[in-house]
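Open the structure in your viewer and keep the selection tool at hand. We will walk from one stop to the next, and at each one I will say what to select and what you will find there.

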Amino acid sequence: MGGSDTQRTAAQLLVDALLVHGADTAFCVPGESYLAVIDALYDARESIRLVVARQDGGASYMAEAWGKVTGRPGICFVTRGPGATNASVGVHTAFQDSTPMILFVGQVGNDFVEREAFQEIDFRRMYGQMAKWVAQIDRADRVQEYVSHAFHLAMSGRPGPVVLALPEDMLATTARAAPQTRRYQVVQASPSAQDMERLRALLGRAKRPLMLLGGTPWTREACADVQRFAQSAGLPVACTFRYQDLFDNRYACYAGDAGIGINPKLAQRIKDADVLLAVGARLGEMETGAYTLIEPPCPKQTLVHVHAGAEELGRVYQGELLINSGMAQFAAALAGVAVDGSAWRAWRESAREDYLEWQKPQPIPGKVQLAEIALWMRGRLPEDAILCTGAGNFSGWWQRYWRFPGMRTQVAPCNGSMGYGVPAGVAAKLAHPERIVVSVNGDGDFLMNGQEIATAMQYGANTVFMVVNNGMYGTIRMHQEREYPARVYATALANPDFAALARAYGLHGETVDATAQFAPAFERALAAGKPALIELRVDPQAITTATTLDAIRSKAQARN
Ligand SMILES: Cc1ncc(C[n+]2csc(CCOP(=O)(O)OP(=O)(O)O)c2C)c(N)n1
Ligand SMILES: [Mg+2]
């Protein structure tokens with residue numbers, strides 16, 4: 001970075017600002033609209049690794065997954081119109097998943113803007129509802145301010161995505177180098193002593209309390225603080241959909257996950273709880289069994305809702321106690337809350353028993369038993385292994401049978417967005433090359449962003465990709481059989497040979513047709529010294545961990 005009297009281009013100032021805020025990796029698909037930034041990144045190539053993806057949606061998912069796995073904003077660059085529209089899936093995911101992310105979009109120059117110039121879109125309108133803030137930088141001398149604001153906003157309160165548009169002509173203009181600026185701070189509220197006292201009093205009267213963890217921004221220390229509190233109070237804890245790694249699933253307090261395919265006993269327990277302490281969870285459709293486990297507007301349970309975003313509190317539920325606080329701040333304050341859990345000891349023990357019972361492997365039709373495979377992997381992989389999944393019923397086996405040992409071992413889209421697993425698997429491995437990363441995908445899911453296995457090869461991201469192939473968009477087929485039995489349409493898939501496809505990209509590729517083949521195939525994949533892919537050919541009847549397609553169809557037909 002130059003001194004204060006040095007002239008820098010806006011593009012260089014942008015890269016200077018990224019360095020100030022500690023960015024060390026960015027994901028992109030290049031475009032002529034922001035060539036000046038790519039050139040400035042060339043000068044910074046020793047400090048910022050630029051990962052070039054094969055699809056802008058892949059790049060934005062990678063940045064989102066980077067945000068999830070590191071807790072710092074994932075950085076993504078794409079070009080105008082087509083790049084921006086492709087990249088929107090990662091922005092939507094970051095918004096719903098509360099993941100810090102900054103998307104920079106090359107924009108038509110201000111000399112042509114508002115003429116519907118080539119690939120022109122007004123990004124403020126396009127991303128309006130999808131991002132925490134969408135802005136356009138029109139002056140080189142304010143680049144530093146915009147980028148700083150973007151980092152602060154992405155990380156403050158309820159974290160999320162920020163989009164900054166970069167008009168092409170602006171990027172070439174110059175301004176004085178910004179004076180030395182500070183790295184962004186994470187701004188979060190703290191609970192008041194009065195809040196914590198009211199919480200203590202409510203828990204003091206409880207007979208059937210339950211803690212629900214979810215959302216962001218958690219830190220390792222915050223998770224440890226919550227774990228200590230739950231242990232000492234003997235409080236049962238459930239994690240919401242795809243935030244299963246916030247609490248060590250091996251602890252006696254852990255009662256399971258509240259999301260799609262919830263253990264029916266846990267669902268009942270949430271209904272039966274007298275005090276619900278929801279910490280970080282948004283209490284949206286997925287976390288509440290479509291607003292049935294916790295009923296709006298005034299839940300039967302005494303609801304204590306702790307959230308980092310003040311705007312989330314009282315949004316759907318009129319809780320007893322609403323606390324606007326960052327997770328770390330709230331978790332630290334729990335140390336001062338002394339609660340005697342003897343009144344609910346049996347309640348906690350039965351919650352754990354229900355969970356252990358739920359984790360007993362259920363056989364499914366066919367020669368490939370996914371429960372046994374998930375259990376084998378659980379035993380084989382070290383604690384810090386990262387499990388990435390996309391969206392689809394296949395993920396249910398790992399959701400149900402995995403035991404997440406701690407924070408940032410699960411990277412999955414809470415918004416149920418398909419095509420996530422492969423780019424997430426690449427980003428997680430690039431963030432943590434020393435850890436084992438497994439990416440589990442459906443056959444439909446995989447081919448939405450399977451091209452990013454080329455990126456894994458290019459950057460040496462030795463992830464093990466798995467494809468659970470049932471020859472269909474199984475989740476939708478399941479819903480179809482339930483609503484329109486025996487009228488199968490638009491859900492069948494004719495698939496390639498996935499292992500051969502992977503080999504064509506240079507990966508190690510294998511096919512598994514029976515459970516016993518999996519362990520040796522997985523060992524070979526781990527030892528391959530390069531990215532690997534294992535296709536699991538499963539019986540299409542094995543539609544969920546708990547039922548078959550035929551059973552769903554018969555039930556629907558009996559109803560009609
Ligand atoms: C980007 C996107 N498109 C469409 C959907 C709707 N959808 C949800 S699950 C699913 C099918 C998933 O198929 P697959 O990956 O093969 O997994 P399976 O359910 O068969 O295990 C579809 C199409 C979605 N969630 N995300
Ligand atoms: Mg499928």
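Start by selecting R553 and E481: their side chains meet in a salt bridge, with N and O 2.8 Å apart. As you look, remember that this is a predicted model. Colour helix α21 (residues 549–559), where R553 lies, and helix α18, which holds E481; the pair ties together parts that are 72 residues apart in sequence. Is E481 buried or exposed? E481 counts as buried, at 1% relative accessibility. R553, on the other side of the bridge, counts as partly exposed at 23%.

**Other salt bridges**

The structure holds 25 salt bridges in total, so here is a short selection. Next, pick K68 and D97, which form a salt bridge whose closest N and O atoms are 2.7 Å apart. Here too two helices are involved: K68 sits in α3 (residues 56–70) and D97 in α4 (residues 81–97), so this pair ties together parts that are 29 residues apart in sequence. Show the surface if you like: D97 is buried, with a relative accessible area of 0%. K68 counts as buried as well, at 16% relative accessibility.

Now move to K360 and E357. This pair also forms a salt bridge, and its closest N and O atoms are 3.0 Å apart. K360 counts as partly exposed, at 46% relative accessibility. E357 is likewise partly exposed, with a relative accessible area of 44%.

**The magnesium ion**

Select ligand 2, the magnesium ion, and then its protein donors. Which residues supply them? They are D443 through OD, N470 through OD1 and M472 through its O atom, lying 2.0 to 2.2 Å from the ion. Along the sequence these donor residues follow the spacing D-x26-N-x1-M. D443 belongs to helix α16 (residues 443–449), while N470 lies in the loop between β18 (464–469) and α18 (474–483), so the two tie together parts that are 27 residues apart in sequence. If you switch on the protein surface here, keep in mind that both D443 and N470 are buried.

**Ligand 1 and its shell**

Keep D443 selected and add ligand 1. This ligand is surrounded by 17 residues, and the closest are G416, D443, D445, G474 and T475. Which helix gives the largest share of the shell? That is α16, with four residues. Colour α18 along with α16, as each of these supplies at least two residues of the shell. By type, the shell divides into seven nonpolar residues, eight polar ones and two charged ones.

Zoom in on the backbone for a few distances to check:

- F394: a backbone N or O atom lies 2.9 Å from an oxygen atom of ligand 1.
- G444: a backbone N or O atom is 2.9 Å from an oxygen atom of the ligand.
- M418: a polar backbone atom is 3.2 Å from a nitrogen atom of ligand 1.

To finish, show the surface of ligand 1 together with the protein. On its own, the ligand has 580 Å² of accessible area, and the protein covers 77% of that.

How values were computed
Residues numbered from 1 in each chain as written. Chains lettered and ligands numbered in written order. Predicted model: local features only at pLDDT ≥ 70, side-chain atom pairs only at ≥ 80, totals over all residues. Heavy atoms only, no water. Donors = N, O, S within 2.8 Å, 3.2 Å for Na, K, Ca; no water. Buried < 20%, exposed > 50% of the residue type's maximum accessible area, 1.4 Å probe, protein only. Salt bridge = Lys/Arg side-chain N within 4 Å of Asp/Glu carboxyl O. Near = heavy atom within 4 Å. Polar contact = N/O pair within 3.5 Å; in protein donor to acceptor, adjacent residues only side chain to side chain. Areas by Shrake-Rupley, 256 points an atom, 1.4 Å probe, with all protein chains shown as cover. Nonpolar A, V, L, I, M, F, W, Y, C, P; charged D, E, K, R; others polar.
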